[in-house]
Amino acid sequence: MGVNEWVEKFRQGDPRALARALTEIENRGPDAQPLLRALFPYSGKAWRIGVTGAPGAGKSTLVDRLAGLLREQGRSVAIIAVDPTSPFSGGSILGDRVRMHAHHADPGVFIRSMATRGVLGGLAPATADVMMALDAAGRDVILIETVGVGQAEIDIVKLASAVALVLTPSMGDDVQTIKAGIMEIADVFVINKSDQSGADRIETQLRALLSLTHQAGQETPIVRTVATEGEGVADLLAALESRPAAPGREVDVWKERLLELLRRRALEQVIDEALPVEELAEAARGVADGRVNPYEFVDDVMKKAGVDE
């Protein structure tokens with residue numbers, strides 16, 4: 001199947017073509033780059049919601065409920081669920097698909113689990129490309145759930161139109177130790193499992209922290225939810241929709257994305273031209289037993305690729 005035919009089926013909503021295309025993109029197969037080039041002109045219309053927070057905060061259940069509410073409104077949904085990488089297979093553990101089984105028969109919901117593949121920041125390496133492809137496929141809303149690594153999950157702000165940071169009462173006084181980076185990316189704070197004791201305390205602490213960091217009239221909304229019961233989910237969606245677009249955010253995002261694409265292409269070119277797999281393995285053995293200087297090795301590879309004069 002040629003790229004043009006593939007894109008046509010993809011745009012028509014063929015779920016098999018969509019799944020195959022995303023696999024090709026995620027694995028960076030030979031058709032990935034032509035596919036991405038062909039799909040980009042159709043993108044830019046989807047509303048992108050990021051859901052981030054610590055493990056156990058109930059992000060998957062919240063995303064599941066948000067998807068259900070969006071479907072009730074007649075909007076098509078794609079979910080990108082970034083799962084931890086298996087230390088054995090290198091693939092996704094797929095826990096999110098298990099928790100979102102209620103949507104498996106709904107053609108208006110497409111769920112894609114992705115493995116982090118060891119990358120920090122809460123997202124998988126190909127998340128941005130997969131998101132763009134799902135946007136081009138005509139999905140109205142894309143929900144992006146980060147892996148749940150805690151205070152390092154700030155990459156989501158580079159992809160999402162709006163970000164919900166999920167907290168729980170069980171965090172207790174630990175809310176005071178949340179780093180500024182992850183606090184600043186939130187467009188809406190969510191206190192999930194708010195039927196548990198401690199919800200009032202965490203909201204009080206959160207408002208106190210926000211009063212020190214926000215200017216008048218720019219306070220970030222705080223929404224209480226009980227995702228397992230669907231309570232507060234409509235309020236969360238309304239709060240996300242009410243948030244104004246940050247001035248220049250898309251431009252800043254694309255600056256980062258263009259640099260990332262250039263780095264990736266340059267790295268792939270260097271590896272393809274100057275670093276055979278067997279040479280890399282031998283160099284790794286040499287560095288491990290002290291025979292090879294890793295910095296000199298990198299210099300040599302760059303010279304072979306004609307990058308470092």
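Visitor: What makes Asn 293 a cap for the N-terminal end of helix H12 (residues 294-304)?

Guide: Look at its side chain: one oxygen there lies 2.9 Å from the backbone nitrogen of Tyr 295. A polar contact is a pair of N or O atoms within 3.5 Å; inside a protein one must be able to donate a hydrogen and the other to accept it, and sequence neighbours count only if both atoms are side-chain atoms. At 2.9 Å the oxygen-nitrogen pair falls within 3.5 Å, so the distance passes. Just after H12, Gly 306 takes a positive phi of about 75 degrees.

Visitor: What are these numbers based on?

Guide: This is a predicted model, where local features need pLDDT of at least 70 and side-chain atom pairs pLDDT 80 or more, while totals for chains, interfaces and linings use all residues. Numbering starts from 1 along each chain as its sequence is written, and side-chain values use heavy atoms, with hydrogens and water left out. Helices (H or I, at least four residues) and strands (E, at least two) are DSSP runs, numbered from the N terminus.

Visitor: Why is Glu 26 called buried?

Guide: Its relative accessible area is 12%. Buried means under 20%, exposed means over 50%, and partly exposed is in between, using a 1.4 Å probe and protein chains only. With 12% under 20%, Glu 26 is therefore buried. The residue sits in helix H2 (residues 15-26), and its side chain makes a polar contact with that of Arg 112, at 3.4 Å.

Visitor: And how do you know that Arg 28 is partly exposed?

Guide: Arg 28 comes out at 39%, which lies between the two limits, so partly exposed is the right label. Arg 28 is in the loop between H2 and H3 and has a positive phi of about 55 degrees, although it is not a glycine.

Visitor: What about Lys 193: what relative accessibility does it have?

Guide: 29%, so Lys 193 counts as partly exposed too. Lys 193 is found in the loop between E6 and helix H8 (199-213), and here again a residue that is not a glycine has a positive phi of about 55 degrees.

Visitor: Why is strand E5 described as largely enclosed by the rest of the structure?

Guide: Six of its six residues are buried, so the description fits. Ala 162, Ala 164 and Val 166 point one way from E5, with Val 163, Leu 165 and Leu 167 pointing the other way.

Visitor: What makes E5 (residues 162-167) and E6 a pair?

Guide: They share four bridges, in the parallel sense. Two strands pair if DSSP finds at least two bridges between them, so four will do. In E6, Leu 165 has Phe 189 as its bridge partner, and Ala 164 has Val 188. Strand E1 (residues 47-53) and E5 are also parallel, over five bridges, with Gly 50 opposite Val 163. E6 and strand E7 (residues 222-224) pair in the parallel sense over three bridges, and Val 190 stands opposite Val 223.

Visitor: Which way do the residues of E6 (residues 188-191) point?

Guide: Val 188 and Val 190 point one way, Phe 189 and Ile 191 the other, and all are buried.

Visitor: What makes something a nonpolar core?

Guide: It is a set of buried Ala, Val, Leu, Ile, Met, Phe, Trp, Tyr and Cys residues joined through side-chain atoms within 4.5 Å. The largest such core here has 34 residues, of which Leu 39, Ile 80, Leu 134 and Ile 142 touch the most other members. Elements giving two or more residues to this core include helix H1 (3-11), strand E2 (77-83) and strand E4 (141-145). H6 has the largest share of this core, seven residues.

Visitor: How do you know what lines the largest pocket?

Guide: A pocket is an open set of points on a 1 Å grid over the protein atoms alone, where a 1.4 Å probe fits, with protein on both sides within 12 Å along at least five of seven lines; lining residues have an atom within 4 Å of a point. The largest pocket is lined by 30 residues, with Asp 129, Met 132, Trp 254, Arg 257 and Leu 261 nearest its centre. H10 gives the most to this lining, 10 residues.
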